[in-house]
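Colleague: I am new to this structure and would be grateful for a close look at a single part of it. Please take one helix and explain how it is placed, then go on to whatever else helps.

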Amino acid sequence: MSPSAAAPSFIIVGAGVFGASTAYHLAKAIPAAAITLIDRSPFPCPLAASYDYNKIVRADYGDKFYMSLALKSQHVWRTDPLYKQFFHESGMVNIEGTGLGRRMVQNFKDLGVESKAEVVGPEDLRKRYPLFWDADYEEAKDCYVNPEAGWAEAASALRAVIAEAVSYGVEYVQESVSRVLFDEERDCTGVELKDGRKLEAGKVVLATGANTARILADSAPKRPELQAGERIMGAAVVCGMVRLTDEQVELYKEIPIFLHRVNGVD
């Protein structure tokens, strides 16, 4: 069935942080819209980059524009009932040797934002956080401290946002997308699912992360202008987790996020 011209329709492929947020805000902004959110598993999809036990929530960046966006985001994490239940203001320490800490402090000032961020020396940091006494400070020019940074319960927050979007009328479809569909005029009209179903909408949003290049290649192999090419690069990080004893939880539960970026460690 073709999408109605009277009511806007959207298909969003990928229910990670970008897809879920897009569906949620579209549903709030355009109540009459028909919105379909698609991912390959029950939400939240464990393969999404945004699926994790936690993610750092901070506004501490060397780029002022990026910092200004992050400040808006951090405000929402602190104040919106949907998000604030998952946010923990633990503070953050960043040890590095490029002068980034001082640039971030200056960025707050340039943006007219009152901030508790400061740069301290290694000895001062050891006094504030005795658990960090044996960290490697040899090449550390700055020990940046911001008690207002924190972390969020990533998977739980993602699940809550998608559930809220569904409560606003978003349809969640559990299936993989095989390809994007085009009409005779080469305009995008919808998607084909792995099970053979074809869904149509006025707008199609790909929030598919590292899978984007594959979907575009399979959808329009003879249209080079649609291929990802060098515009998208897949990347990955290695994460390690340690299961703490009850005693260790008590010892470490109040420490800040600790970023160590000297001597080749990041």
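**Helix H2 and its surroundings**

Modeller: In helix H2, the buried residues are Met 67, Ala 70, Gln 74 and Trp 77. Because they cover an arc of only 70° around the axis, they lie on the same side of H2. The general background is that an α-helix has 3.6 residues a turn, so residues three or four places apart point the same way. On the other side of H2, Phe 65 and Lys 72 are exposed. The model discussed here is a predicted one.

The buried residues of H2 have several packing partners. Among them are three helices, namely H3 (81-84), H4 (100-110) and H6 (154-167). Strands E3 (55-57), E4 (87-88) and E8 (150-152) also pack against these buried residues.

The length of H2 can be checked as well. Its 16 residues, 64-79, should span 22 Å at 1.5 Å a residue, and the C-alpha atoms at its ends are 23 Å apart, which agrees. At the start of H2, Asp 63 places a side-chain oxygen within 2.9 Å of the backbone nitrogen of Phe 65.

Beyond H2, the aromatic rings deserve attention. A search of the whole structure finds 6 aromatic pairs. One of them is formed by Tyr 24 and Tyr 168, whose ring centres are 6.1 Å apart; their planes stand at 70°, so the pair is edge-to-face. This pair links distant parts of the chain, with Tyr 24 in helix H1 (residues 17-29) and Tyr 168 in the loop between H6 and strand E9 (171-174), 144 residues apart. Tyr 24 is buried, with a relative accessible area of 4%, whereas Tyr 168 is partly exposed at 40%.

The rings of Phe 132 and Phe 258 have centres 4.1 Å apart and planes at 45°, so this pair is tilted. Phe 132 belongs to the loop between helix H5 (122-128) and strand E7 (142-146), and Phe 258 to strand E14 (residues 257-261), so the pair ties together parts that are 126 residues apart in sequence. Phe 132 is buried, with a relative accessible area of 9%, while Phe 258 is partly exposed at 28%. Together with Tyr 129, Phe 132 and Phe 258 form one aromatic cluster.

Methods. Residues are numbered from 1 along each chain as its sequence is written. This is a predicted model: local features need pLDDT of at least 70, side-chain atom pairs count only at pLDDT 80 or more; totals for chains, interfaces and linings use all residues. Side-chain values use heavy atoms; hydrogens and water are left out. Helices (H or I, at least four residues) and strands (E, at least two) are DSSP runs, numbered from the N terminus. The expected span of a helix is 1.5 Å times one less than its number of residues. Buried means under 20% relative accessible area, exposed over 50%, partly exposed in between (1.4 Å probe, protein chains only). The arc is that of the directions from the helix axis to the C-beta atoms. Contact means heavy atoms within 4.5 Å. A polar contact is a pair of N or O atoms within 3.5 Å; within protein, one must be able to donate a hydrogen and the other to accept it, and residues adjacent in sequence count only if both atoms are side-chain atoms. Rings of Phe, Tyr and Trp (its six-membered ring) pair if their centres lie within 6.5 Å; planes under 30 degrees apart count as stacked, over 60 as edge-to-face and the rest as tilted.
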